[in-house]
Amino acid sequence: MKEIVEHILRQRGGKLTDLLAQEPSGLGLGMLPRSRQPEIVEQMICGFCSTGCALDVHMREGRAVNLTASATYPVNAGMACPKGWEALTPLAAPDRATVPLLRNENGRLEPCDWERAMIVFTGKFQEIIARHGGGAAAWLGTGQIPCEELAYLGALARFGLGIRHGDGNTRQCMATAVSAYKECFGFDAPPYTYGDFEVSDVLVFFGSNPCIAHPIMWQRVMRNPNRPDILVIDPRHTETAAAATRHYALRPKSDLILLYTIANLLIRMGAADNDFLAAHTAGFEEFRNFVAHYDPVACADATGLSCDAIEDLAMRIARGRRVSFWWTMGVNQGHQSTRTAQAVIALALLTGNIGRPGTGANSITGQCNAMGSRLFSNTSSLFGGRNFADPADRADVARILRIDPGLIPDSPGHAYDQILEAIEAGEIKALWVIATNPAHSWIDSGRLARLRDKLEFLVVQDMYATTETARLADLVLPAAAWGEKEGTFINSERRIGLIKQISRAPGEALSDFRIFQLIAAYSGCDAMFAGWTSPEAVFQILQKLTAGRPCDITGIRGYSQIESRGGIQWPFPEGSPDGPGPEERRLFSDGRFFTADGRARFVWESPRKMPEPTDAEFPFILLTGRGTSAQWHTNTRTGKSDVLRKLHPSRLYCEIHPDDARRLRIGPGGRVRVTSRRDSAVADVLLTASVQPGTVFLPMHFEETNRLTLWHVDPVSRQPAYKACAVALQPA
Amino acid sequence: MTWISVIFTVSKTLIDDLISDQRSLRPVERFSRAFDEGRARTVFRELIPLSKPAEGEQYAFAVDLDRCTGCKACVAACHSLNGLDEEETWREVGTLIGGTSLHPRMQTVTSACHHCVEPGCLEGCPVLAYEKDAATGIVRHLDDQCIGCSYCVLKCPYEVPKYSKSLGIVRKCDMCHSRLAVGESPACVQACPTSAISITIVKSGEARRNAENGIFLPDSPDPSITIPTTVYSSRRPLSDRALSADHFRPAVQHTHWPLVFMLVLTQSGVGTMAGAVAGDRWSGLAGCILFLCGLFCSALHLGRPLKAWRAFLGWKTSWLSREILAFGGVAPLMVFAAGLPWVVAATWAVDVAIAAVLAGFGAVVCSAWIYHDTGRAVWRGWLSFGRFLGTTAIFACMASGQPVPAAALLVAKIMLEGLLSVRGMLSSVRLDELDRSAILLRGPLRGWLAARIVAGFLGVLMVIDQSPVAAAIVFCGEILERALFFKAGVPKRMPGH
């Protein structure tokens with residue numbers, strides 16, 4: 001009786017309770033909600049950053065209903081950051097592009113069918129190229145689509161359509177690492193494997209905030225059992241600086257002087273590995289002479305660090321037996337970034353910290369397939385990391401692709417910034433933008449927006465018709481997204497991984513691969529791509545393009561082997577062992593580099609002043625960077641998830657030092673106007689001593705930020721210097 | 001047929017082919033294969049205690065702050081692994097900012113339900129939809145018992161229960177009790193890349209001692225209110241002066257319009273009934289109608305009003321339950337008092353009216369106690385009692401033909417409300433809840449506040465003028481006041497971002 005009364009009065013079960021009820025999945029995934037029990041699970045690589053985590057997508061009745069982080073993949077071991085956990089959500093956004101959109105006479109984008117879109121696309125490009133030559137057309141690609149699609153794009157645009165200039169958004173993040181590695185190692189070859197995070201006894205991070213930018217790499221650092229010395233060199237007290245053993249808060253853009261001083265101190269301390277230097281490097285003597293006059297006192301003056309701190313940093317590096325050096329955008333996005341990256345490489349070379357477990361001069365890449373773009377996008381380098389200027393390289397590619405060598409130009413054409421300047425000068429009249437959002441992400445984005453009117457034809461190919469760039473387009477081509485197509489990504493540690501189709505694309509959206517097939521057919525160059533029938537067929541062509549190269553992957557036996565081994569790191573030449581993965585490999589364990597003489601190079605140059613130093617009118621340095629791990633770049637995808645939106649401030653905010661705020665009478669809950677020579681933006685005030693007095697920080701995910709930044713690039717890598725420009729502050 | 005049309009015919013088929021190709025999910029089928037248990041996630045079973053809690057002990061979250069770097073994977077993983085609604089999250093990550101110029105400190109803090117020793121949610125629930133599991137100490141919510149009154153959301157100092165509009169109920173973290181029951185770790189524990197979250201066993205007595213000594217987190221609710229059990233640890237203790245990243249940026253709160261009308265209608269109804277004491281039949285009728293409209297609005301507030309008949313269950317601890325019982329008792333009395341003078345001319349009709357007014361006052365006191373009992377500083381003591389009884393008294397004076405006391409009361413009430421908005425104007429070091437509420441009143445709510453003051457003083461003039469629309473104007477003013485009561489009712493909360 002009591003039970004009946006209790007049952008009537010207190011309802012312990014029922015349909016609402018059942019909504020969240022869990023039961024064992026039976027797929028090795030533990031307890032999962034009954035309503036989302038998977039029938040099968042598909043493992044694929046995440047489509048955000050370059051960590052390259054594997055995600056297990058839960059499939060039920062042919063639909064992707066959920067996902068978990070793969071427990072068995074060597075990269076992430078069951079973990080993912082919030083972007084990965086929410087990777088399916090952006091696919092279902094209501095603003096997906098579902099049909100091609102063409103701008104009509106009234107200036108409005110209106111739906112059209114694919115046939116009309118293709119006739120307009122090929123007609124416009126062919127007409128402009130016929131009128132002005134291939135130099136009047138350009139494309140801007142991406143590091144967000146798989147290798148097979150990047151290769152199709154690079155071949156189609158350059159060899160099929162005859163577009164002279166092409167570059168990718170990887171110019172914005174990785175160009176510096178590419179240039180630095182090429183000169184120092186003879187090939188664009190990040191040498192490390194993630195296992196190095198776990199076995200170093202000293203880890204040095206330059207301009208790198210993996211806690212936020214690459215949380216799953218930070219996971220590997222936290223698994224290091226050696227209680228390692230973690231040294232962070234960064235003008236901001238970032239999350240990573242907070243977790244480090246020592247943080248060296250140097251002045252913005254004084255890093256090159258610090259690096260040369262550290263090199264000098266290490267040499268003076270006797271920390272140089274003379275045997276290694278003699279056997280495997282070139283240029284050390286000259287480098288030693290160059291850095292000899294970099295002393296701690298002058299360095300302290302330039303960097304704002306104390307002499308003690310500078311000597312302490314050198315001492316800690318000297319003491320380490322397995323020292324790894326890591327850098328990210330704080331180095332890559334500077335006005336002398338290539339030389340800075342090369343100075344990091346020099347520290348690893350001179351201490352012999354390379355080629356052994358737990359060592360290396362290691363660039364952490366940005367986008368999920370930036371590494372694939374570096375090898376196969378056919379933009380700044382010819383397929384397979386080759387050189388356009390080298391006739392033998394051109395002949396090689398022509399032979400493998402069975403095309404006329406005359407179709408391959410003898411130079412890569414313009415870099416990103418030069419393409420934009422050529423548009424401004426009226427030389428480039430047609431632009432094709434694929435899976436990137438320059439109207440938000442390019443420095444001085446206001447200037448970029450003004451270029452729109454100089455273009456006769458702007459095509460944007462994207463999964464959303466609502467990005468800042470798509471809204472400017474004459475023609476929008478609706479693209480299938482990650483998860484709606486297949487192909488391969490290459491992650492930061494050179495690991496090739498698979499993406500698969502686990503969801504249907506909305507409307508008539510097509511994978512970029514299929515869009516390129518269509519364009520090839522409509523422009524009449526499809527004969528050139530007769531063998532490019534599927535992503536896996538193209539992967540085989542890419543394998544041939546790597547034969548005998550440092551990135552040789554001719555030993556991979558199809559997608560199925562990539563799947564079964566848990567990804568495969570390059571190189572993997574013909575004859576590589578067929579055993580089961582996972583395995584980890586690093587480069588240069590034999591001390592042989594990819595230069596002609598097998599020796600690594602020291603490369604240096606005297607530091608230059610910041611292009612836009614502060615002055616009385618603009619007395620603050622503006623730093624920009626990633627704000628939270630819940631936002632990806634221009635927030636086009638991550639902004640579609642309710643969960644991710646909860647995890648970051650909804651409005652632009654500005655980190656200001658409390659002393660500066662007090663002086664300027666900017667209150668802690670107030671708003672501040674940040675003004676540069678380009679534009680101004682209003683932001684919520686966040687008072688924190690994590691920025692130095694005289695500097696402020698704006699997260700890059702908000703559209704306003706890049707309206708303020710300075711149009712300036714590193715002269716070697718042509719990568720934009722996002723990190724520092726002069727601004728003024730006033731209460732708003 | 002020209003060659004161009006041949007190409008286009010061919011291409012037309014190509015487009016169709018590619019679109020149909022794109023729509024098939026063949027690639028998945030190509031790769032499909034079942035997972036086997038051998039691939040099971042070993043992380044499942046880590047970071048949880050090997051034994052069950054003993055007598056006087058319970059499970060608790062333990063957070064190693066030195067390992068939390070703010071990646072927020074715990075929030076997203078909890079959402080996915082528990083199958084929550086699109087916008088629903090049970091875990092949150094905030095930031096505390098402290099330290100000095102030389103040694104700045106930014107500490108991210110992950111938090112979910114603290115499975116308190118004395119849960120505020122449980123205490124406030126009118127239908128006993130919460131229970132504290134005797135064996136594990138997990139505070140569980142019975143989803144099918146919930147009527148969607150949201151009082152637990154107000155009662156919890158940590159804003160843990162989340163109301164779902166589509167379901168009409170609240171839901172909250174249950175520490176993945178069904179995972180723990182089979183020896184698996186909770187979702188957040190499984191998903192933390194740096195193993196910052198684990199499950200531990202705490203003694204209730206120790207949790208109570210810690211709470212009474214104020215050991216919890218800076219810029220967070222006083223732990224002595226509900227005795228939270230989550231254990232935050234760090235080798236580098238956080239200064240008490242550390243502040244939440246959003247300390248100076250309070251958010252405008254949900255307005256709860258049905259409650260706004262319910263409160264003002266019931267209070268003006270009880271007040272107007274006072275006219276019947278003076279023998280005015282029309283006042284009695286109006287008061288009764290207002291009161292009943294108020295009760296109708298209270299039902300609109302509930303996510304599942306049909307289940308509300310169980311609301312008496314929580315009377316032992318819940319002021320909401322008591323209020324519902326009180327209103328349930330007052331309603332027939334009001335109807336009786338209002339109807340009686342129209343049916344018979346009995347002298348004791350006045351006594352019935354007096355009884356109805358007194359009982360009504362009692363119910364209004366219960367209403368005020370509901371908000372007082374949340375512990376929110378902006379609703380404590382006279383800030384609720386004064387408002388609610390003030391509204392009742394103003395209408396009582398008006399209905400009894402006492403314009404001057406009515407106007408005086410209204411003026412005093414408006415002045416005190418206005419004073420709340422100037423609090424903490426000069427402080428930029430640390431704000432209390434009232435200061436934070438004042439920031440809202442001066443900032444995003446200043447239009448509302450201005451409207452309230454204008455409507456209020458217009459009401460004062462009309463009352464003095466004994467205008468026939470005086471009551472309506474005063475009523476509008478009180479509605480605005482009550483909307484501000486909720487909008488500026490800043491909660492206690494965990495550090496935000």
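**A walk from the cysteines to a barrel**

Cys49 of chain A counts as buried, at 11% relative accessibility. Please keep in mind as you look around that this is a predicted model. Cys49(A) is also a good place to start on the cysteines in general. Over all chains, the structure holds 0 disulfides. Cys49(A) is in none, and its nearest cysteine sulfur belongs to Cys53(A), 6.3 Å away.

Chain B offers a similar case to inspect. Why does Cys125(B) form no bond with Cys149(B)? Cys149(B) holds the closest cysteine sulfur, but that atom is 6.0 Å from the sulfur of Cys125(B), so the two are too far apart for a bond; a disulfide needs the sulfur atoms within 2.5 Å. Cys125(B) is buried as well, with a relative accessibility of 6%.

Back in chain A, let us turn to an arginine. Arg96(A) sits in the loop that runs between helix H3 (82-85) and strand S6 (101-103). Is this residue, Arg96(A), buried or exposed? Its relative accessible area is 6%, so Arg96(A) is buried. Leaving aside residues up to four places away in sequence, Arg96(A) touches Pro90(A) and Leu91(A), and also Met463(A), Tyr464(A), Ala479(A), Ala480(A), Ala481(A), Glu484(A) and Pro506(A).

Finally, follow chain A to its barrel. Here 6 strands close up in the order S23-S27-S24-S26-S25-S28, with mixed pairing. On average, neighbouring strands of this sheet are turned by 45° against each other, direction ignored. For one pair in detail, take S25 (residues 671-675) and S28 (residues 725-731) of chain A, which pair in the antiparallel sense over 4 bridges. Within S28(A), Ala728(A) is the bridge partner of Thr675(A).

Notes:
Residues are numbered from 1 along each chain as its sequence is written. Chains are lettered from A and ligands numbered from 1 in the order in which they are written. This is a predicted model: local features need pLDDT of at least 70, side-chain atom pairs count only at pLDDT 80 or more; totals for chains, interfaces and linings use all residues. Side-chain values use heavy atoms; hydrogens and water are left out. Two strands pair if DSSP finds at least two bridges between them. Helices (H or I, at least four residues) and strands (E, at least two) are DSSP runs, numbered from the N terminus. Axes are lines fitted to C-alpha atoms, for helices over the stretch in contact, and angles run from 0 to 180 degrees between N-to-C directions. Buried means under 20% relative accessible area, exposed over 50%, partly exposed in between (1.4 Å probe, protein chains only). Contact means heavy atoms within 4.5 Å.
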